[in-house]
Amino acid sequence: MEMLPDDVLLMVLKELKEAADIFACRLVCKRLAAVALDPYVWRGRAVNSTEPYCACPVLRLVPCLEQVHINLPAERCRQWAYASTRCAAAKLWMDVDVQDTSHASHAAAIICRQEMLGRLKQVVIQLVNFKMATDVPMLLSTLASTSRLEKLRVVLDTGTGDDQHPLPATPAPILGSIVVTPSLIKFHCKLCTFMEPFVKFILFEHAVTLERVNLGTSPSSLTLTSIAPLLTGVTNLSKLTCCCLPGMEALAACKALAILRLFVNTDILDQHAVAGVAELLRRAEHLREVSLEYEPALLSVAEVGAELVPALASGRSRVETLFITNFEPGQEENFPLLQPVVSALPSLPALRHLRMDENTDSPDELLLFIRPDVAPALQRVDLNLLEGCVHSWLHGDTVKTVFSANPLLHISLEYVNLVCDDDKRCQACELDCHGELRDSVFVPYFFSHDPKDECSEDHSSDSSNRWFHLPL
């Protein structure tokens with residue numbers, strides 16, 4: 001080993017899986033003791049406070065890590081080690097129980113320490129239990145002032161069921177005078193009254209660098225009129241996830257916005273806000289991917305929110321991907337958005353990928369409307385099969401009809417039953433054909449064209465999807 005150069009020793013040490021094994025190598029000789037602490041060995045590794053071994057030796061000796069994951073409260077020695085370490089992490093993942101104010105303060109100290117070490121680029125922090133959230137504003141101010149961050153995600157966990165706690169109704173102020181150099185590229189935070197000042201601060205201070213913004217699904221955000229104007233100032237905004245916010249029509253001027261994911265809460269929709277979103281969909285020629293997720297599901301086209309689908313069919317649309325979720329358990333016979341989607345298809349000339357997750361019990365309801373003259377660019381359709389089995393559907397007339405009319409089409413099916421149980425086999429399953437389907441456990445994807453033809457989909461065995469060729 002003495003003849004091996006350091007570079008080779010570093011490569012060997014990097015392959016060791018456990019930190020304890022690397023530390024054991026330090027006991028061999030002084031040379032290995034030094035090489036074992038080289039940043040190359042540790043740069044891609046992570047440490048987690050929930051692991052059974054103590055992380056303190058790693059935090060005390062190691063120069064850097066890829067990720068540090070800590071749950072607060074932690075054991076006393078670990079809390080001290082995380083707040084005083086000289087180990088610089090690129091990512092910090094924290095789960096903080098804020099019922100005790102000291103935990104929020106300690107989390108802020110850990111963030112400040114990692115910022116000082118100079119490698120921190122990403123923070124994911126989950127705040128749990130808001131019974132006593134008095135120190136949370138201080139923690140949020142620390143996050144807001146942290147420099148050089150590129151990705152920030154703040155998750156508010158209020159519990160589940162009977163243990164769920166309401167968020168404070170008072171906005172959490174950003175404390176002190178904060179000067180920030182713009183750096184954030186991705187920002188994810190649940191928009192609500194409590195978090196509004198924090199969200200506004202981030203959107204304003206990082207407007208020139210932000211590209212992806214996710215404001216969650218909280219229905220309480222529907223009354224916050226100050227957010228949409230700030231979003232219009234985000235110069236390079238390319239992907240936005242949010243509820244139907246008031247004033248969203250102004251986002252039609254955001255030429256970089258290509259992906260829009262909207263959560264449509266039909267219980268408390270404001271007609272004015274929906275009208276603004278519809279105007280955005282009509283005018284935004286730059287949108288390439290649109291997702292409309294209704295909850296609770298629409299039961300009629302007369303309900304507020306149903307006009308968003310026809311709004312896309314303005315004649316200006318360049319949307320290539322359209323996802324619609326309007327599913328309500330117990331309403332299997334109700335699919336009000338089917339006809340609006342069918343009517344919109346001729347006005348979506350660039351549409352290549354359509355996904356419909358609605359209460360229709362058969363994909364045939366939509367597939368029979370798809371023809372090259374109706375949707376000339378459409379190459380993939382994702383649908384549900386809630387009744388019967390996929391194998392029986394393959395033997396139906398619709399498959400051959402649709403693929404004959406659309407030879408380049410690809411169809412995927414979310415299913416309840418891929419094949420029938422042995423004791424309740426349908427006529428198709430009695431034939432014992434399509435054996436490869438019976439052996440599959442993945443969502444099936446079907447196509448009919450020659451696999452050698454040029455195609456936008458990857459049909460190879462290395463693909464993440466399970467493809468089935470159905471020659472006509």
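Begin by selecting P407 together with S448 and H449, because P407 touches both of these residues when neighbours up to four places away in sequence are left out, a contact being heavy atoms within 4.5 Å. Keep in mind throughout the tour that this is a predicted model. P407 itself is found in the loop between α16, which covers residues 397–405, and β14, which covers residues 410–417. If you now add D450 to the selection, you can compare two kinds of distance: P407 and D450 are 43 residues apart along the chain, while their C-alpha atoms are separated by 9.2 Å. Is P407 buried, partly exposed or exposed? With a relative accessible area of 43%, P407 is partly exposed.

Next, zoom out and show the whole protein chain as a cartoon, in which you can look for 18 helices and 16 strands. The C-alpha atoms of the chain fill a box of roughly 75 × 60 × 45 Å, taken along the principal axes. Of the 472 residues, 49% count as buried, and among the contacts with a separation of 6 or more, 70% are between residues 24 or more positions apart. If you switch to a surface display, the accessible surface comes to about 22200 Å², of which 52% belongs to carbon and sulfur atoms. Colouring by charge will show 41 positive and 59 negative charges, whose mean positions are 11 Å apart.

Now select helix α9, residues 196–205, and display the side chains of its buried residues, which are E196, F198, V199, F201, I202 and L203. What do the buried residues of α9 pack against? Their partners are the helices α8 (136–145) and α10 (227–232), along with the strands β5 (151–157), β6 (186–189) and β7 (212–214).

From α9, move on to H206, which is found in the loop between α9 and β7. H206 counts as buried because its relative accessible area is 2%, and buried means under 20%. To see what H206 touches, select V180, T181, P182, S183 and L184, a list that leaves out residues up to four places away in sequence.

Finally, go to the start of the chain and select M1, L4, V8 and V12, which form a nonpolar patch on the surface and together have about 350 Å² of accessible area. One of these residues, L4, has its place in the segment before α1, the helix of residues 6–15. With 35% relative accessibility, L4 counts as partly exposed.

Note on methods: Residues numbered from 1 in each chain as written. Predicted model: local features only at pLDDT ≥ 70, side-chain atom pairs only at ≥ 80, totals over all residues. Heavy atoms only, no water. Helix = DSSP H or I, 4+ residues; strand = E, 2+ residues; numbered from the N terminus. Buried < 20%, exposed > 50% of the residue type's maximum accessible area, 1.4 Å probe, protein only. Areas by Shrake-Rupley, 256 points an atom, 1.4 Å probe, with all protein chains shown as cover. Lys, Arg positive; Asp, Glu negative; His and termini not counted. Charge placed at Lys NZ, Arg CZ, Asp CG, Glu CD. Patch = residues over 30% accessible without salt bridge, like charges linked within 9 Å, V, L, I, M, F, W, Y side chains within 5 Å. Salt bridge = Lys/Arg side-chain N within 4 Å of Asp/Glu carboxyl O.
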